[in-house]
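Me: Please take a close look at one part of this structure, namely the pairing of its aromatic rings. I should like a connected account of the geometry, the placement and the accessibility of the residues concerned.

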Amino acid sequence: MTQLSSLLAANKTASGLRFRPATLIAILLILIMSVVPLFSNAYDLTNYRDVLLFGLFALSLDIFWGRTGILSFGHATFFGLGAYGMAVSSIHFGIDPSYVSIVGLLVGIGLAAVVAALVGYFILYGGVRGDHFTIVTLALTIVANHIAIGWSKVTGGDSGLIGIPPFSIFGFSFYDPMASYYLALIVLAICLFSAIWILNGRLGLILSAIRDDEVKAKTLGYDTKLILLITFVVSAMLASLAGALYVTNTGFVAPDMIALLLSTEVIIWVAVGGSGTLVGAVIGTAIVWWLQQKISSISVTAWPIAIGSFFIMLVLFFPRGPGAFVLEKVKAFQKSREGNK
Amino acid sequence: MSAYIPYFLNSLTLISILLLVSMGMAIIFGLMNVVNLAHGEFITIGAFTLVVVERVGGNFWLALIVAPVVGYIFGLILERVLIRRVYGNALHALLMTWGLSLILQQVIQLIFTANPQSIKGPFPGAISIFGENYPAYRLFLICFALAVFVVTVLVFKKTKFGLDLRASIQSPEMASVMGVNPAKINAHAFASGAALAALAGVLLAPLTAVTAYMGLNYLARSFFVVLIGGAGSISGVAAGSVLIGGLETFLSYQIPVTVAQAAVLILAIVILRFRPKGILPA
């Protein structure tokens, strides 16, 4: 036990050192983003606002994948549930426009939380981890996409739904690009700093312990399944928050917001920024978004090919680059050393 | 009674399709433990082999022979160039094969356009069974799938290749001491999996819309068949196919097809909760 507490203490100072720069970068990033509107036109601002919300989406994946080492291919499901929850409740239910956004937000986040809790309960408590978890979540996205296309009475099918009102609260509507930009920025800042604060604390250490050796963490008295489940549900709720806010900006929802391609794009965003770094997820999103604008302007089909090539290069040429791969290599090295003993 | 015959045959058709698409998955994922997200594209490649063969004047039967060869060669090259670098690292295998899948989809779409391809299947007519007419091609598919399954099981249980493969999966070091080259066996096993998927693609083509994305529909389901059946056991594939195919047909008579597919997936997740190693573990 004393060994463990010294280990945890050592870990704590190390992680404190490791994350201080990340926190500084996060503060710097938010500061820069808060003065951006002074130098950009309304059209660019709507694009940057979408990037901020996609950054929030990437952050949600990083909280789960980056910290637990379990990759989810299903995060577009939660983004999409948020988006469709907001769209369907603001279009079909005929709710009073003054609080329709709040209801939509709650419906979207609630749906995502329930789905994540159910799926998470069955597979995480069933002991499904690693690649099997990824496959189950992949299937989840495919099914969600089928439902979004097939259940056209509610979801509008292939063409989706249009006419979602801008986000409004207490009678104040964020229809102005500047207002909606700052809304996205404030939500992102709150989520980012809370995530950094919480994951730098005890919970972050426990998650790292689970990632490194779940059985050991369990032996030390932590309910690892419950902790993983809660992390998964919170991560899903953040993804759906991003989705719900996103559709109040675009005004429409379409099945490609709940599709496998989006699930994989968000993985790239996190991987480029370095998984597990939290603020890296947001930066990665911005970099990839910029690249996507450049590549898509050449040819629309070039983009999926570029993502595909990036995945392969990530594995072949710079597995040591982004954070998660470093950890993986270290683990593999330790394992091989243990094997040699 | 006769009302149940088409229903029964429909579920047999779906079970056969799942059996065909999952057999390659059972080898690559179940036995070799490689998460191959490009498996769907192997199926697509098989179906497009049929398209090409018919365009150059061949017929369905020729494609049935050519497609597994194409799949085998493709699988062999892929294993040599990419897949062998990611053995034992599930995350890398996953990311790499997903990248591969995205590239293959786009390349196929660039060559053949996004429109569904027209193909001519064999046996246009129907056959009467117990007084019920049923498409002849589907009956052929059911018999053929069964034959492929039996042959695959025999290859794995009775031939030297099957023995070598099982040995080199169980203990690569011991197998290589006994004169088996695990690298070579792995390459051929991966290629056989790809060949089976390509064969499934040809057989599926007359029943579905042949597009660059057709394989994606079968990717998740074939993973589930293998997971539910029990990874590592070839006979588990039959159990998984019967369960998932049977249920999906049964449910799609009661509720809309998309909801039925979702319900089956949810059920599969529930089964994984209680039997994480599948219903017939190896």
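Reply: Over all chains, a search of the whole structure finds 26 aromatic pairs; the model is a predicted one.

In one pair, the ring centres of Tyr7(B) and Tyr253(B) lie 4.9 Å apart, within the 6.5 Å limit for pairing. Their planes stand at 90°, and an angle over 60 degrees counts as edge-to-face, so this pair is edge-to-face. The contact joins distant parts of the chain: Tyr7(B) belongs to helix α1 (residues 4-31) of chain B, Tyr253(B) to helix α10 (residues 234-254) of chain B, and the two are 246 residues apart. Tyr7(B) has a relative accessibility of 23% and therefore counts as partly exposed. Tyr253(B), at 45%, is also classed as partly exposed, because that class lies between the 20% and 50% cut-offs.

A further edge-to-face pair is made by Phe42(B) and Phe74(B), with 5.9 Å from centre to centre and 85° between the planes. This pair, too, links distant parts of the chain, with Phe42(B) in helix α2 (residues 39-55) of chain B and Phe74(B) in helix α3 (residues 60-81) of chain B, 32 residues apart. Phe42(B) has a relative accessible area of 2%, which is under 20%, so the residue is buried. Its partner Phe74(B), by contrast, counts as partly exposed at 25% relative accessibility.

In chain A, ring pairs connect Phe54(A), Phe57(A), Phe79(A), Tyr246(A) and Trp269(A) into a cluster.

Note on methods: Residues numbered from 1 in each chain as written. Chains lettered and ligands numbered in written order. Predicted model: local features only at pLDDT ≥ 70, side-chain atom pairs only at ≥ 80, totals over all residues. Heavy atoms only, no water. Phe/Tyr/Trp six-rings, centres within 6.5 Å; stacked < 30°, edge-to-face > 60°. Helix = DSSP H or I, 4+ residues; strand = E, 2+ residues; numbered from the N terminus. Buried < 20%, exposed > 50% of the residue type's maximum accessible area, 1.4 Å probe, protein only.
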